[in-house]
Amino acid sequence: MFFLYVIVSALYLSPSPPFPPAPPSQPLLQRYPSTRTLPPVLIMASLIKAPSSVFPSEKLQSVSRGKTRHRSIPKKAAFRLVPVALSLSMSTGTAEHDQKSNLPDIPIPIMVNSSTGKMGKAVIKAADSAGLHIVPVSFGSEKASGQTVEVCGKEILVQGPSERESILASVFQDYPNLIVVDYTVPGTVNENAELYCKVGVPFVMGTSGGDRDRLYKTVEESKVYAVVSPQMGKQVVAFLAAMEIMAEQFPGAFSGYSLQVMESHQASKLDTSGTAKAVNSCFQKLGVSFDMGQIQMIRDPKQQIEMVGVPEEHLSGHAFHLYHLTSPDQTVSFEFQHNVCGRSIYAEGTVDAVLFLAKKVLLFIFPLPL
């Protein structure tokens, strides 16, 4: 039997958290053991657990750190049949290096879909800087099929929608430690996730949109590890976590207040900001009556410069959010704002997520001493 916990991410920014921890029995707090020097980190999105008895085991030979040993792991290879984890790990400082140093000496290959997009290219650059191995294959549109994209001196062949399953299965066979990163388009989120789960490849879903309930269900039923989040910027995730904690501890605190929400993104972003929706959900718990359809989406470059204040050089890549609360008698107002220029915050957070995911899966095969 599977247990689904819907939890919200949180990040302790100092060793002494400003709020009391939840009791041990509460599944909200999931400690992240990537490093022993950083404060505890909480995991984002949905965490799905399965008892180890679900999977039949057999004795297989595994190699780690130059030593050969026998241990019990699931059939069909541990990468392909494992408990599900939908999560986003976060860390501060040099966490990326700490995460990787705690992994066995095994290459981490990643396949970035779509490598032709700006976000895909940003992730490839960040992954290359982190020492990850970029697989020279990527899924893209029918129009881009057959093209070769060069990023960081690496040539990547773009494959179209046809025969994706056989291509992915072949790549997975060549790279058994493969992790897929998805930054495609909202309309393909569910189809792509179903493909990854069918083949059995762990993946990071950074694409927003799609049917999220269906997405979680797909991953849960597949028993594949995955990181699923509409927001990969770990500092923004920390803000989301603080909002969720406030909503849980002070429900109804803003009852009667009116709310205005504005979000501005590059014109190519077709859907409403998933981050804005998540923050608004917190405000609803705080007692604010607000419909998601009231979110003001700004996509016109002229408005973005004149009304929002987006620097012209970042019109093609930014994420500005403003939440304005006003009391019923108009005498009190609160304002929350977070602005991001560029894509580096998301690319670096995605690499963190890949390392977290690799650690979760590899430690399932090669447990390390505490």
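Visitor: Is Glu-165 buried, exposed or partly exposed in this predicted model?
Guide: Buried means under 20% relative accessible area, exposed means over 50%, and partly exposed is what falls in between. Glu-165 comes out at 37% relative accessibility. That value sits between the two cut-offs, so Glu-165 counts as partly exposed.

Visitor: Which residue forms a salt bridge with Glu-165, and which helix is that residue in?
Guide: The closest N and O atoms of the bridge are 3.1 Å apart, and the pair links distant parts of the chain, 33 residues apart. Glu-165 itself belongs to helix α3. Its partner counts as exposed at 60% relative accessibility. That partner is Lys-198, in helix α4.

Visitor: What else ties Arg-164 in helix α3 to helix α4?
Guide: Look at the salt bridge of Arg-164, at 3.5 Å from N to O. Arg-164 lies in helix α3 (residues 164-174) and its partner in helix α4 (residues 189-199), so the pair ties together parts that are 27 residues apart in sequence. Arg-164 is buried at 12%, while the partner is partly exposed at 47%. The partner is Glu-191.

Visitor: Which ring does the charged end of Arg-164 sit over?
Guide: The charged end of Arg-164 lies 5.6 Å from the centre of that ring. The ring belongs to Phe-139.

Visitor: How many residues apart in sequence are Asp-352 and Lys-234?
Guide: Their side chains meet in a salt bridge, 2.8 Å from N to O, and both residues are buried. Asp-352 is in helix α9 (residues 344-365) and Lys-234 in helix α6. Along the chain, the separation is 118 residues.

Visitor: Are the rings of Tyr-196 and Phe-203 stacked, edge-to-face or tilted?
Guide: The structure holds seven aromatic pairs. In this one the ring centres are 5.2 Å apart and the planes meet at 50 degrees. Stacked needs under 30 degrees and edge-to-face over 60, so the pair of Tyr-196 and Phe-203 is tilted.

Visitor: Which strand holds Phe-334, the ring partner of Tyr-257?
Guide: The two ring centres are 6.2 Å apart with planes at 55 degrees, so this pair is tilted too. Tyr-257 lies in the loop between α6 (234-249) and β13 (258-265), so the pair ties together parts that are 77 residues apart in sequence. Tyr-257 is buried at 16%, whereas Phe-334 is partly exposed at 36%. Phe-334 is in strand β16.

Note on methods
Residues are numbered from 1 along each chain as its sequence is written. This is a predicted model: local features need pLDDT of at least 70, side-chain atom pairs count only at pLDDT 80 or more; totals for chains, interfaces and linings use all residues. Side-chain values use heavy atoms; hydrogens and water are left out. Rings of Phe, Tyr and Trp (its six-membered ring) pair if their centres lie within 6.5 Å; planes under 30 degrees apart count as stacked, over 60 as edge-to-face and the rest as tilted. Helices (H or I, at least four residues) and strands (E, at least two) are DSSP runs, numbered from the N terminus. Buried means under 20% relative accessible area, exposed over 50%, partly exposed in between (1.4 Å probe, protein chains only). A charge sits over a ring if NZ of Lys or CZ of Arg is within 6 Å of the ring centre and within 35 degrees of the ring normal. A salt bridge is a side-chain nitrogen of Lys or Arg within 4 Å of a carboxyl oxygen of Asp or Glu.
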